[in-house]
Amino acid sequence: MARYGMVIDLDKCTGCQACVVACKSENNIPISTPEESEEGRKISWMEVIPRVEGEYPHVTVKFIPRPCFHCDKPPCTLVCPVYATYKNDEGFVAQIYPRCIGCRYCTQACPYTVKYFNWYKPRWDAPLQACFNPEVSVRPAGVVEKCTFCHHRLMKAKEKARGENREVRGEEYQPACVQSCPTGAIYFGDLDDPKSTVHLLARDPRAFRIMEDLGAEPKVYYLSEK
Amino acid sequence: MKLTRRDFLKWSGGTAVAAGVLHRPLSSLLQADDFSSEWGPGTETYIPSTCLLCPCACGILIRVVDGKAVKIEGNPLSPVNQGKLCPKGHSAVLELYHPDRLKKPLKRAGKRGEGKWVSISWEEAVQTFAEKLKELHHQKKPHTFVFLKGNGYGLTTGKMIERFLQAFGSPNLVISPSRSGMDGAYWATQGVSGVDYDFSHTRLILSFGASLLEGQKSLVHFMNVFGNSRGENRGRMRLIQIEPRLSVTGAKADLWVPIQPNTYATFALGIAHILIRDGLYDKEFIEKFTAGFEDWIDEEGKVREGLKTIVLRDYTVEHVSEVTGVPLDTLLQVAYEFARTRPAIALSDWNATWAPDGFFTAIVVHSLNALVGSMDVPGGVLLPPSLPSGELPPLPPDTPTQAPILPPEKALLPSLPEWPFFQNLMENRLPYMPEVLFLYHTNPVYEYGKGEKIRKALDSIPLIVAYTSLMNETAEYADLVLPEPSVLERWEDVPGFASGTTLVGIAQPVVTPLYDTLPLGDFLIRVAKAVGGSLSSAFPFENFEEALEAQLNALFSARRGTPFTDPLEVANIRSLEERGWWTPVESSLEDFKTRLLEKGGWVDPYYPYGEPSRIYQTPTRQFEFFPLVWKRLGIPTPTGPIQSAPSDPEYPLFLLPYFPLVLWNGGGELPWLQEVLSPILPVNWDSWVEINPETAKKLGVEDGEVVWVETPAGRVKTRAKVYSGLPPDGVAIPAGLGHTSYGRYARGKGIPVAEILTQDSVPHTFFPSWFSTPARIRKVRE
Amino acid sequence: MRDYARIRDLEKLQKDIGKDAQVFSPILLKPTPAYWATVLVLSAILGWGVYAYIRQIQYGLGVTGLNRPIYWGFYIINFVFWIGIAHAGTLISSVLRVTSTEWRRPFTRAAEAVTVFSLPFAAINPIIDLGRPDRLLNVFRTPHFTSPLLWDVVCISIYLIFSVIYFYIALLPDLAMCRDYLISVSPFRRWLYKTLSLGFRYDEKRWKKIEWWMNGLAIFLFMVVVSVHTNVSFVFLMTLQPGWHTTILAPYFVLGAIYSGCAAVIIIMALLRWVYRLYNYVTDVHFQKMAKFMIALALFWLYFTGIEFLAIYYGREVAPMTIFHAKVFGAYKDVFWLMFLLTFLIPLTLLVIPKTRNIPGLVVASISIIIGMWLERYSVIVPSEAYPRMANFVGLYFPTWVEWSITAALLAGFCLFYVLFARFFPILTVWEVREGREHGLQHFVSEMKAFYPGEEFHG
Amino acid sequence: MIYRFLLLVLVGVIVVLIYTGIRGRTPPIVQPIAYNHKLHIDNGLNCSDCHQGIGTSSPSAGRPSIRTCSTCHDPSSPLGKSPEEAKLLEFIRNDREPPWKRIYRVPDYVYFSHYRHATLGKIGCDTCHGKVEGLTEPPPRPLVRFSMDWCIACHKKNQVSVDCNRCHK
């Protein structure tokens, strides 16, 4: 069973946020109003987190793209009272919207704040609904959602592969953010496959995971800036 | 206890009422929101096209499900973006489905700017416009038809605009300022326009404030290259960024050199000084291809000082270091790195050249390329070869030529600049008044921040036509507003250039047009037919597609290049073309066109090196350094840096406007982009003013507090964000926000920085001078 | 006519059970306008809260001030707070019963009623907080037992059920008395007493049986009480949130619960004593004993708070230190120090100084503790959320009218239930008092004899 | 006592009934053209000839588009005299899609692929859709009502994954 994971090269990331917008487009993420955004109700499964350090003129800025880390030992799934978020046998941390009761416990448990809550009924100004991705559902009010590693793309790829009697090829399944990244900073693939790029990069001396001491064992690795 | 019938009825009746009362709130929550699309045939296709939201010409693939454009992805075959895409490219679907798009041609009903419109048919729109043109023609003043154009359209559309004006007899094609900002320098030193760079092969980029990673005409291509040279890959391209405010580009550069605002030219000349003093420049190249380096004797027999003399005398390292505030060792390090790493590129953009000494800055920065011999070499400065062009019937010779609407001294560049046009219009100094103003992809009322003044000046123009897909600030003031189809609904052929590879991206309609819109090309053809005469015979097409067809025919018969294909094949074609060979991939024109549309464009990987006559088209046929240019243009040679530091004690800070990636070349109208305005500061849907933490402390301003930003030109209220990447004497405001029109997502979000800029024209290039505004911060409550 | 009948009822009672009949007079006599006004105001507030909740259901939780990262706000604070209030009643009653403390007798019911009526208002909070209350049953349909929230559901259900049983059993003899003596009341009330008393016979044999059940339940409930608030703290401490992820949170929550709960009981006892003129039953002695207990609790509270902060301070970890700074010196310093003033300094000062250690002093101290403890829950819950480890922003929380309304409605609802209960049922445990009168001395004497062996002691 | 309890239960049931009643049973669905499945099947067509998504790797089975119909139906030479065909030909003539209404519907949050089930899994159409091929008129309501338990039962029986994430999107 493949163990899909991501490696993000911070040396390459330029903070352009193409990944963020690609994700919004792929996953039918509702558009926030300025007020909602101001109140912290904006949803953005992928987010670029800046780190500004130092004082003028010795200043550095780092950009850290942050999807859901799909931890191997996810703290969020333990606390869900209804099994709406759980780690499946492929290692994805899934979020099942029609089961979620909206208690937001998992949002508290996630130390990386990757989970988002639907504070309102989803709204789109007509005719923006036309660009809904039919492979991703629109989440109702009151449930928690988060990055799925574009799991629906895997489903399609698997289907195609099975129709052709073969396994899913590495490049066939890529989340939207990976696909769009203009600098190629995001790598995706099977962490357990010794031939995959992510397998190699995850063992790079530059590789680290965020807050490794928390023991969540994220499947998203970062490569530090050179 | 017995359960009686009455009891039962009583209880159940009560519960029914209760359920009824509770029903509405409950059901509004409980009923699943069904957003699933209506039942369609379930067909899914990926249609290639070309993004036109900025001048990059990225190839895109549009995922169309049941006739709806669902998602945009990069076209892997496009040499520009290689399957990648910037945030703006993804948002093209929002442009298509924008709720506020214009749905029908509109004709003004009330007074100008009153906002009252009546929908009219295209026939009526064409008639109205054609009648006016006929009238001008009969009155023998076709020159009073002024066409204003921005960017965001293809080659053929551009050509049709030019042709329309020529055939009608108007010399007044006015072009909105280019944010590349270096055109003047290319024109002055090389006598050409449209110079580009070979980012893929360069090893060092010396960037004078250029927003390489935020907004430039090869953004996604550059990001591709940048990514390929970082991380696990070898052959790191060094990036040195010189700028006062730490931008995204600066943050990602290998070396960021903070510098006093507006001292770029001095810094560049300081580097030139070191190169010349230490003999690090490319002597062979200088001798062979340049002029104005050494002193020379002019026609009058006077000794003229060349670059060498001036630089060695006036720009000593100590002097430069003092003026620019860059430490000596950094200056030396930059100069030596630049000299010793070959190939290297020095470049700049509007961040440096939309300043009072912008023309000079552009020229001296560009001259650094000549000093290290980076002209016309792999990894250096390139000039895209011209594209094959479709044959069109010759224009009738009797078209009268009148003097352009701008005074002749404003014509350094081959095109008429927009900002001086409006300056002169506002000050009533045009040689003659325009009778018809046609606006295409330009929105001057917003752009220049002088809304009221420009609108007032527009009052004296009898007919204003705006061609746009969203109502904007200028269109609100027009007499005719004509809806343009979105990028995903029309045909275009978009030229592009990516590190030596020339290409034409094809944009094609991927969905049936949502509204009653018409591409500009079609409109012009229809108008030409309605006007008749020479104009009509200049457009022997039924519609725009026919005109485009002619262009595609030209590509097919040019005997070079190929429709987009995989990189291996492209490399193969390059090596063939390098030997002067070419094999056609497609046997027939039909096959060629089919493939073109299937793959998304045409590419010619071959770049003809070693053609100096093409590269240098100055009077001397050489690269001209600034002393020679100055003499040619009759400009006195500047000595020392132009005063840059704000001297007004009333306004102690220096205002640095800038464009975040998503707002460069527009973008405020698209909600996804409004949600990701800045990668550094967490502000969405609003403007902000960046302040150095020390300055903020001194002023008692807290992060997020709303403050007044005041300049001699006006003041705006916005929130302060503390950012340590800003010099203590600077404030920065993002541009591109604060629309009062332009759709619901742009309207009223933030403030337009242009309103508080003291925008004079930059001498000789006529850009609005954005980087010369002193400012101060006032607390709202004091 | 009715008035006469009432007096007759009362006289009969007085004849049969002596002066304890006084306890029945408030439920028998005509209510005052003040009573109606109270009920009206409380119902109005409650109704307004219901309206606010309907709005919340209609428009989603967006109508509240909650956001990312402050995912939990007033509702969860209220939850912890009311669970805390719900603690003292049963705890006091059970501890004192198990230890056979005589002075408990008059006010066990009043204390237990606090538990019984505050617990629903506590348990409803997480439901109000749910994004999808319509899917609440998923908790039973697809339970995930590793979730502390589920343990809470179990614990609180058990606590509620057994508290009600405990409360109800102790109510039975008095209900039987109501049924037998309060003849003149409205048919509805007679029906009520009749139905609820389950045909209970009012005699000593049954007292004994009840006593046995009550003692057993008391021991069981004592354990449940501790576990409930421990579980409530688990909800927080099982996450990795800085400031929550510490074992001290469990005993700290339990202690805080007892502290605020006792304060609530004190206020209610004082109110009942004043409103129902129960000066003979609830006396200064009770309050003095409670005052000393509260001093101990206050000191314990300081002890736990101190330990918590010292551990964080010496740990020097980034995330907890951020919260520490925000609480003590930063954005939440006002809440924190006000909380410290109200939970600790004011009550301790009032209780330690003999001059102010009287009933008004104790009531003021208790009110201060109640408000302070609510603020304490705020400062435990909100700051920890406001500084996410991985973000470039700080969370801000501005509760909206919806949250304020619902919070007010919870308080109003609790008061309304209490007022109505006290209107319909005897608020003092008459049978226990009577039992005490009959057996208390005997019991006391036998105990004294056990303490002081030999002949010297003569009771 | 027991009566009271029963009363309460009864009232609860009534609430549920009234509530579900308000939410309503769907009204019968009337299609723009009374399409005769049986006739087409009898003439040798297969389901996937018109519902072409079944055979391709598209998740949706697909409502046949007017183009599919017009491969056989030609406005200039009708195949029969049925007034329903006349309606169809009118649509074809105007190049308009008939506003077919959807009858079988999985919730928005379910990822259901016809390709996967019908083509790869070789499950007969009637398993989920009932005997549509024998219908001479379009069904006003689904012949088979599905629920998640029903899906799961089949998945379990065929030892297919019952991981939530496989079907929930």
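Mentor: Let's begin with a term: a polar contact is a pair of N or O atoms within 3.5 Å, where within protein one must be able to donate a hydrogen and the other to accept it, and residues adjacent in sequence count only if both atoms are side-chain atoms. This is a predicted model, in which local features need pLDDT of at least 70 and side-chain atom pairs count only at pLDDT 80 or more, while totals for chains, interfaces and linings use all residues. Residues are numbered from 1 along each chain as its sequence is written, chains are lettered from A in the order in which they are written, and side-chain values use heavy atoms, leaving out hydrogens and water.

Trainee: How many residue pairs are in polar contact across the interface of chain A and chain B?

Mentor: The rule finds 25 such pairs, both residues being at pLDDT 80 or more.

Trainee: And which element gives the most to the side of chain A that touches chain B?

Mentor: That is H1(A), with 7 residues. Helix H1 covers 18-26 in chain A, and helices here are DSSP runs (H or I, at least four residues), numbered from the N terminus.

Trainee: How many salt bridges are there between chain A and chain B?

Mentor: The count is 9, with a salt bridge being a side-chain nitrogen of Lys or Arg within 4 Å of a carboxyl oxygen of Asp or Glu. One of the salt bridges joins A:Lys24 and B:Glu675, whose closest N and O atoms are 2.6 Å apart.

Trainee: New topic: where is C:Val154?

Mentor: C:Val154 sits in helix H7 of chain C.

Trainee: Why does C:Val154 count as partly exposed?

Mentor: Because its relative accessibility is 41%, and partly exposed lies between buried (under 20% relative accessible area) and exposed (over 50%), using a 1.4 Å probe and protein chains only.

Conventions
Helices (H or I, at least four residues) and strands (E, at least two) are DSSP runs, numbered from the N terminus.
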